[in-house]
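Let's take a walk through this structure together, one strand pairing at a time. Have the model open and turn it as we go.

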Amino acid sequence: MKDLIKNEIKKYVSESKENWFEEINDHYYDEPIIKFASADDPLFQKYKNIIGDHHFTPKEAFELSFGEDSYRGGTVISVVLPINEKTRKSNAVQTQWASKEWALTRTFGDEIVIKGLAKHLENFLNDSGQRTVSPYASKWFKIQRDESGPTSNWSERHIAYAAGLGTFSINDGFITEKGIAVRLISVVTELKLTPDIRIAKNHTENCLLCSKGICGVCIKRCPVNAISKEGHDKIKCYKYVYGEESSKLAVSYGASPKAGSGCGLCQTGVPCEGRNPCK
Ligand code: B12
Ligand code: SF4
Ligand code: SF4
């Protein structure tokens, strides 16, 4: 069953017209990596302390969609979507703002491809008789503000960490075997599958600065000094990534003003861009 699910996701990414990016005559996202976590993994409960009480466990996410007492255990499926190399290279030469390709990926890749894949996987499993929900595509998904910046009630990076897909970094970005320039999506299903094993020794193992004390290239790449050896200033980053200039730039590129241009300079032109730099 795991192979069937993986093949369905890979087929969607390679064949769906939504993933075709005219601007580069190639896909928005390359072949995905897919892993599985038990919905009862105790780490999800620990996220209530690590992230905050507002962050839902898989059980809560499932019951928000299928009603109280509907949960009988299951699996969280997490997917890494690597950003196309042509898009990555276009952003790697930028020094202030996102490239056109990066900005169009932010609008169309995120809103159409990622949401489309989430709905596709949800429908595929529901049609096979396994109740499934994609938090990102559900009505209850929310981003709120706390004192350190925006935070959601379903953090895809924490879900991917639980599934053993990689680790966080000094700039908060999630470094996978296909690097940091990726997007993430997940679903919660009642289907019970063998979980993958988390091999990372800690939650920042794949970052050269966090684990070996070297690198720091992303610190120099950030145009607003939102990254330091102490970590990532989310409010500074948020103001830049979603500010007025970013909206105007997005419109000039033909992207959505609400999505903004994005930035991602800390995810491109860095040693962890397309690979795990610690390997
Ligand atoms: C809100 C948000 C933002 C906010 C805040 C980001 C943040 N750090 O939380 C702002 C506006 C700043 C932002 C910016 C960007 N974002 Co954004 N954003 C989100 C969103 C919607 C929610 C994130 C969230 O809930 N965070 C929760 C907080 C608590 O996470 P955190 O503070 O990073 O967590 C730390 C602690 O938990 C700590 N920790 C301490 N102890 C322990 C112990 C353990 C065991 C663990 C696991 C962790 C841990 O480690 C973490 C890292 O320091 C997600 C989509 C989603 N639903 O997940 C996308 C998402 C995170 N964004 C993404 C991207 C691509 C971007 C941008 C590049 C913009 C762009 N598109 O050009 C920048 C990159 C900024 C950066 N350096 O990471 C991608 C990330 C891809 C990746 N490889 O990491 C996501 C996952 C979207 C997606 N679907 O793919 N984003
Ligand atoms: S550029 Fe270097 S310091 Fe920054 S996240 Fe990547 S590996 Fe870590
Ligand atoms: S997304 Fe841009 S502003 Fe935010 S931390 Fe990365 S480089 Fe800095």
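Start at K35, whose bridge partner in β4 is S78. This is a predicted model, so keep that in mind throughout. The K35–S78 pair belongs to a set of six bridges that join β3 to β4, with the two strands running antiparallel. β3 itself covers residues 33-38, and β4 takes in residues 75-82.

Now step across to the other neighbour of β4. Strand β10, residues 182-189, pairs with β4 in the antiparallel sense over eight bridges. To find your place, look for T75, which stands opposite T189 in β10. T189 is worth holding on to, since T132 stands opposite it as well. That takes us to β5, which is joined to β10 by two bridges, again antiparallel.

Put these pairings together and you have an open sheet of four strands, in the order β3-β4-β10-β5, with antiparallel pairing. The edges are β3 and β5 (132-133), each of which pairs on one side only. As a general reminder, strands of a sheet pair through backbone hydrogen bonds, either parallel or antiparallel.

How many of the eight residues of strand β4 are buried? Eight of the eight, so β4 is largely enclosed by the rest of the structure. Side chains in a regular strand alternate between the two faces of the sheet. In β4, T75, I77, V79 and L81 sit on one side and V76, S78, V80 and P82 on the other, and with all of them buried, both faces are covered. Our starting partner, S78, is thus one of the buried residues.

There's a smaller piece of strand pairing to visit elsewhere in the chain. Strand β6 (residues 143-146) and strand β7 (residues 149-152) run antiparallel and are joined by four bridges. A hairpin links β6 to β7 through two residues. Within it, Q144 has T151 of β7 as its bridge partner.

Time to zoom out. The protein chain has ten helices and twelve strands. Its radius of gyration is 18 Å, close to the 19 Å that the globule rule gives for 279 residues, so the chain is as compact as a globular protein of that length. Along the principal axes, the C-alpha atoms fill a box of roughly 50 × 40 × 35 Å. Of the 279 residues, 53% count as buried.

Next, the empty space. There is one cavity of 30 Å³ or more, and the largest cavity holds about 100 Å³ of space. Its lining is made of 17 residues, with C207, L208, C215, C218 and C272 lying nearest the centre. Two elements, α7 (208-212) and α8 (217-221), give two or more residues to that lining. By class, the lining has 13 nonpolar and four polar residues, and no charged ones.

C215 deserves a second look. You'll find C215 in the loop between α7 and α8, and its phi is near 90°, a positive value in a residue other than glycine. Most residues other than glycine have a negative phi. With a relative accessible area of 37%, C215 is partly exposed. For another positive phi, go to N25, where the value is near 55°. N25 lies in the loop between β1 (20-21) and β2 (26-27). Is N25 buried or exposed? At 53% relative accessibility, N25 counts as exposed.

The second largest pocket brings us back to β3. This pocket has a volume of about 250 Å³. Among its 15 lining residues, E177, I199, N206, N276 and K279 lie nearest the centre. β3 and β8 (166-167) each supply at least two residues of the lining. The mix of classes is even here: five nonpolar, five polar and five charged.

Finish at ligand 3. Which residues are found around ligand 3? They are C222, P223, V224, I227, H232, C237, Y240, V241, C263, G264, L265 and C266. Helix α9 (residues 234-241) gives the most to this shell, with three residues. By class, the shell around ligand 3 has ten nonpolar residues, two polar and no charged.

Key
Residues numbered from 1 in each chain as written. Chains lettered and ligands numbered in written order. Predicted model: local features only at pLDDT ≥ 70, side-chain atom pairs only at ≥ 80, totals over all residues. Heavy atoms only, no water. 1 Å grid on protein atoms, 1.4 Å probe; cavity = no way out; pocket = protein on both sides within 12 Å on 5 of 7 lines; lining within 4 Å. Points joined across faces, edges and corners; volume = space filled by probe spheres on them. Nonpolar A, V, L, I, M, F, W, Y, C, P; charged D, E, K, R; others polar. Near = heavy atom within 4 Å. Pairing = 2+ DSSP bridges. Rg over C-alpha atoms; globule rule 2.2 N^0.38 Å. Buried < 20%, exposed > 50% of the residue type's maximum accessible area, 1.4 Å probe, protein only.
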